[in-house]
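Q: Could you take a close look at one part of this structure for me, the place where the two chains meet? A quick word on the long helix in the second chain would help too.

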Amino acid sequence: MAEIIRLCNLTKYYGKHRGIENLSLQVQEGEIFGFIGPNGAGKSTTIRSMLGLLQPDSGTAELFGKSIQTAKLDILRRVGYLPSEPGFYGNMRVRDAMQFAASFYGEDCRSAAETLCERFKLDAGKHVQELSLGNRKKVSLVSAFQHRAELYVLDEPTSGLDPLMQKEFFELLQEKNREGATIFLSSHVLGEIQKYCSRAAVIRDGSLVVCDDVAHICSSTIKRVTIRGVEEIAGIPMRNLQKTGDGISFLYSGPVQELITALQGLPVEDLTITEPPLEDAFLHFYTDSEDEIC
Amino acid sequence: MLKHELKQGWKGMLLWSLAVGIMIVFCLMLFPELQKQLAPIQTMMQGLGGIASAFGMDRLNYGELTGFYGIYAGFMLGIGGMFYAAILGCGILSKEEAQHTAETLLTYPVSRSSVCIWKLTAVAVLLFGFNVLVVLFSMAAFPIIGQFPHWKAFALYHLAQLIMQLEIAGICFGVSAFLRKGSGTIGMAIAFVLYFLGIAGNITERAAFVRYITPYAYADGASVISRVSLDGGLVALGIAYAAVGIAAGFWKYNKKDIL
């Protein structure tokens, strides 16, 4: 399968402030790839460097096997991009905004735009400045999806959309993916990544923490441990510790044998060890261990 | 892209044209009355000294329509045109970042150089439209007052104004590429400085060097109408300044980070 995105040691500083540092990742053709990180982690910097909006200080960004620095137009012709905070020309109607976007691709997108507007319940006759944040997002969404792209780069696509529209959006995403498009989905809504992405990368403080199958990230060394009848366990590092009333629940990333040994002699009434949801795995990648270890 | 820029800018152009055009018509309507009371006004003007020089009144005969037009109507068009060109030029690139539209625009398959070219073309078309409308206002007023200017001087004066505005817009286009927002104030500041440099150059010989800085020197009504020709050297210098501004704008915009 062809590599659609290849970032190699991508580094970008804003003056002295770190944007991203030595970030490398690959996305294969046909994947729905999740890109997870909190605000300020470097997600948008990565995307903007990838699409040629930012000049990286070092490293390379290649899409469809071509460098964004030298083949920008060829690449952008094959990409649909949904920015996290779309900006619009104030005097435009929704229809004009979509036609303006379509004019750059040399395609007649009117029929596709109309279908998408109906699907997302968007009134094409309204002025963009009259629209709510959610509806503006829809304009941007239709503009990104109205032409036939091979790669969709989506930066926080569901922010501002109501749950029904979010559902509709992901159905659209899966349709496009079934048609062969590759999806790069940046989000901090972990449930979305877990539900729709096959692989994901986690970014923290501008650097990649992990890049793996979503299932593998969830089932990596971290476990959610819930114990009834015990409130303290000596010598065991516990993260995200929660008191449950009759016991404790925490994230544990050490050897299970050590945990069992530590529990011997304690009044354990019940013990469950489960693979954590992505939210917990995410915390594992993000929290400073000193703060969380008890 | 050009159509889009013109759609965005035509209302502003119309407003500036109306404002300047109406002021010019208003001035022209006063001319017949001024002619009747020429002697006391001339005496008063002679007493103004440097101020009269500043506005070219020492070189133009304001008892005659072309001279009057060069001073009064030219004053309105000179200031209005400079400010409009500067605001237009300074905002043309930076407005995309100020309105957060740059991120969307520059992820469409369009090169930054193409964006610059179309935006510059739009600026030129808007300035041309502005000047055409202003000229139409003037031409509509001449038959009303029953007098007509020296047509060659009139045409050269308006040509000089258009070149001056294009020069300022070109310089401000370069400035615009370095800005992210707040372009209007900077545009007005540039226009203000260039205008007052021009005025200073008219007042005192010691400030003659400003002729090589401000386009007002070659586009001032007093310079063009009194000679019935353009100072080719200064015009060429102005075009060179505009070319430098435009080149700087292309260079910066092509390597600029869009945040």
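A: Helices here are DSSP runs of H or I with at least four residues, strands are E runs of at least two, and both are numbered from the N terminus. A helix's expected span is 1.5 Å times one less than its number of residues. On that footing, H7 of chain B (residues 151-178) has 28 residues and covers 41 Å from first C-alpha to last, close to the expected 40 Å. Since 20 of those 28 residues are buried (under 20% relative accessible area, 1.4 Å probe, protein chains only), H7(B) is largely enclosed by the rest of the structure.

This is a predicted model, with local features needing pLDDT of at least 70 and side-chain atom pairs 80 or more, while totals for chains, interfaces and linings use all residues. Residues count from 1 along each chain, chains are lettered from A in written order, and side-chain values use heavy atoms, leaving out hydrogens and water.

Now the meeting place: 24 residues of chain A contact 25 of chain B, contact being heavy atoms within 4.5 Å. Leu53(A), Tyr89(A) and Phe104(A) lose the most area to chain B on the chain A side, together 30% of what that side buries; such area is the accessible area (1.4 Å probe) lost on putting two parts together, summed over both. The total between the chains is about 2,300 Å², with carbon and sulfur atoms giving 57%.

There are two salt bridges between the chains, meaning a Lys or Arg side-chain nitrogen within 4 Å of an Asp or Glu carboxyl oxygen. One pairs Glu103(B) with Arg48(A), their closest N and O atoms 3.1 Å apart.

Definitions and conventions:
Buried means under 20% relative accessible area, exposed over 50%, partly exposed in between (1.4 Å probe, protein chains only).
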